[in-house]
Amino acid sequence: MRMSTVARAATAAPPASSQLRAHGRVYNFSAGPACLPTAVLEQAQKDLLNWQGSGMSVMEMSHRGKEFISIADRAEADLRELLAIPANYKVLFLQGGASTQFAAVPLNLAGPEDAADYVVTGAWSKKALGEGKRFVRANAAATGDNKSLPAEADWALTPGAKYLHYCANETIGGVEFKGVPAGLEGVPLVADMSSNFCARPVDVARYGVIYAGAQKNVGPAGVTIVIVREDLLGAPREGTPAMLNWTSMAKEGSMANTPPCWSIYVCGLVFRHMLDNGGLAAQEATNERKAKILYDAIAATDGFYAAPVDPAARSLTNVPFTIPARPELEKDFIAEAAGRGMVQLKGHRSVGGMRASIYNFMPVEGVQRLADFMTEFAARHQQ
Ligand SMILES: *Cc1c(COP(=O)(O)O)cnc(C)c1O
């Protein structure tokens with residue numbers, strides 16, 4: 001049985017998409033770093049040796065030179081337009097990943113004796129809480145079960161907390177908030193949006209801070225975007241390392257030191273690409289369409305596949321699923337899919353099963369191809 005499925009995978013027809021054939025590329029369902037628009041990669045390739053007649057690659061430019069300053073300014077302006085970021089918010093392009101912001105958030109917003117609330121809905125918010133505990137009196141206001149969202153009415157919020165932190169989309173569990181938590185009046189809301197950043201329009205004004213690593217939805221690894229309301233700047237705690245200090249980074253235009261120039265440049269190309277393709281409303285419509293194709297395919301197999309997450313909390317961007325009655329088939333599923341040009345479908349090592357990450361630049365045709373394969377695989381094993 002095993003042998004025959006592997007043999008079949010090896011001889012499977014190549015992906016039908018003309019776009020894929022042209023580039024020999026696969027449908028990459030990686031949870032991050034993730035796929036980027038082909039047009040953006042082509043533009044980067046075109047610019048690689050000589051950016052706009054400057055005679056230099058972006059990788060070779062001084063970050064203080066007029067060329068790179070123009071690239072960084074344009075990237076910020078385009079992101080501001082894309083997310084409709086109000087003028088009283090600063091946009092920072094930092095290093096160290098979202099993981100570094102787990103420490104930067106308490107350092108910039110609270111003192112060691114202050115309280116901060118955390119809503120734990122999965123692996124990433126749990127990590128944020130763990131790091132937060134090293135710097136602030138971090139309180140787990142609510143803890144989810146990795147399959148649903150704890151009802152906001154039951155959250156044990158702390159009056160006078162310096163902030164309320166939550167993860168808008170749990171990348172590993174596939175649990176996503178559909179709205180903005182109300183929280184407590186006067187307590188700034190801080191959101192880790194790493195895996196659903198720019199996946200849909202967001203009312204930035206509802207937040208104190210939004211942060212996100214770029215490598216899932218908007219660019220390469222190496223840059224983390226922090227959007228922070230201006231009145232929250234100015235009071236980092238004593239001893240905050242300069243590289244984690246939002247206030248000084250904002251004053252220096254994110255250039256207190258050498259910024260991740262190449263990553264910022266590619267993010268800029270992505271922002272422009274998104275603006276040219278209908279912005280976040282269009283992106284949201286595409287993302288909803290893709291998620292529906294997959295969740296519908298799972299539901300249509302009479303329980304052969306299971307999506308563990310409560311429908312009210314299902315992520316648009318990370319879709320975990322299992323083969324509950326025959327888990328031994330999961331590795332065949334993953335191997336056969338790879339043989340058909342659909343890679344990185346293995347679930348996170350902590351949860352097993354499969355996970356399809358269908359971020360902004362996974363094309364609809366890639367998701368449709370996966371759904372078709374799922375249907376065919378189920379039919380073959382259900383007889
Ligand atoms: C990927 C991810 C992180 C960690 O990002 P790094 O850039 O690896 O530090 C944090 N939070 C969420 C929600 C993520 O998806």
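**Figure 1. Pro33 lies in the loop that runs between strand 1 (27-28) and helix 3 (38-47).** The close-up is taken from a predicted model, as are the views that follow. The peptide bond joining Gly32 to Pro33 is cis. Its omega angle is about -10 degrees.

**Figure 2. Ala84 sits in the loop between helix 4 (66-83) and strand 2 (89-94).** The view shows the backbone at this residue. Ala84 has a phi near 50 degrees. This is a positive value in a residue other than glycine.

**Figure 3. Helix 4 packs on helix 8 (residues 261-276) at an angle of about 40 degrees.** The axes of helix 4 and helix 8 are 8 Å apart. The angle makes helix 4 oblique to helix 8, because an angle that is neither under 35 degrees, nor over 145, nor from 65 to 115 counts as oblique. Helix 4 crosses helix 8 in a left-handed sense. On the side of helix 4, the contact is made by Phe68, Ile71, Ala72, Arg74, Ala75, Asp78, Leu79, Glu81 and Leu82. Helix 8 contributes Cys261, Ile264, Tyr265, Gly268, Phe271, Arg272, Met274 and Leu275. Divided by class, the residues in the contact of helix 4 with helix 8 are twelve nonpolar, one polar and four charged.

**Figure 4. Helix 5 (residues 97-109) and helix 6 (residues 123-132) pack with their axes 9 Å apart.** The angle between helix 5 and helix 6 is about 45 degrees, and the two helices are therefore oblique to each other. Their crossing is right-handed. Helix 5 makes the contact through Ser99, Phe102, Ala103 and Pro106. The residues from helix 6 are Trp124, Lys127, Ala128, Glu131 and Gly132. The contact of helix 5 with helix 6 has five nonpolar, two polar and two charged residues.

**Figure 5. The ligand is shown with residues that surround it, including Ser99, Thr171, Asp192, Gln215 and Lys216.** Of the 13 residues around the ligand, these five come nearest. Three pairs of atoms are picked out in this view. In the side chain of Thr171, an N or O atom is 2.4 Å from an oxygen atom of the ligand. For Ser99, an N or O atom of the side chain is 2.6 Å from a ligand oxygen atom. Ser99 is also one of the helix 5 residues in the contact with helix 6. At Ala98 the atom concerned is a backbone N or O atom, which lies 3.2 Å from an oxygen atom of the ligand.

**Figure 6. Helix 10 (residues 330-339) packs against helix 11 (residues 364-382) with the axes 11 Å apart.** The packing angle of helix 10 and helix 11 is about 135 degrees, which makes helix 10 oblique to helix 11. The crossing of helix 10 and helix 11 is right-handed. Asp332, Phe333, Glu336 and Ala337 make the contact from helix 10. The residues of helix 11 in this contact are Leu370, Phe373, Met374, Phe377 and Arg380. By class, the contact of helix 10 with helix 11 consists of six nonpolar and three charged residues, with no polar ones.

Definitions and conventions. Residues are numbered from 1 along each chain as its sequence is written. This is a predicted model: local features need pLDDT of at least 70, side-chain atom pairs count only at pLDDT 80 or more; totals for chains, interfaces and linings use all residues. Side-chain values use heavy atoms; hydrogens and water are left out. Axes are lines fitted to C-alpha atoms, for helices over the stretch in contact, and angles run from 0 to 180 degrees between N-to-C directions. Helices (H or I, at least four residues) and strands (E, at least two) are DSSP runs, numbered from the N terminus. A crossing is left-handed if the near helix is turned anticlockwise from the far one by less than a right angle, and right-handed if clockwise. Contact means heavy atoms within 4.5 Å. Ala, Val, Leu, Ile, Met, Phe, Trp, Tyr, Cys and Pro count as nonpolar, Asp, Glu, Lys and Arg as charged, and the others, Gly among them, as polar. A residue is near a molecule or strand if one of its heavy atoms lies within 4 Å of it. A polar contact is a pair of N or O atoms within 3.5 Å; within protein, one must be able to donate a hydrogen and the other to accept it, and residues adjacent in sequence count only if both atoms are side-chain atoms.
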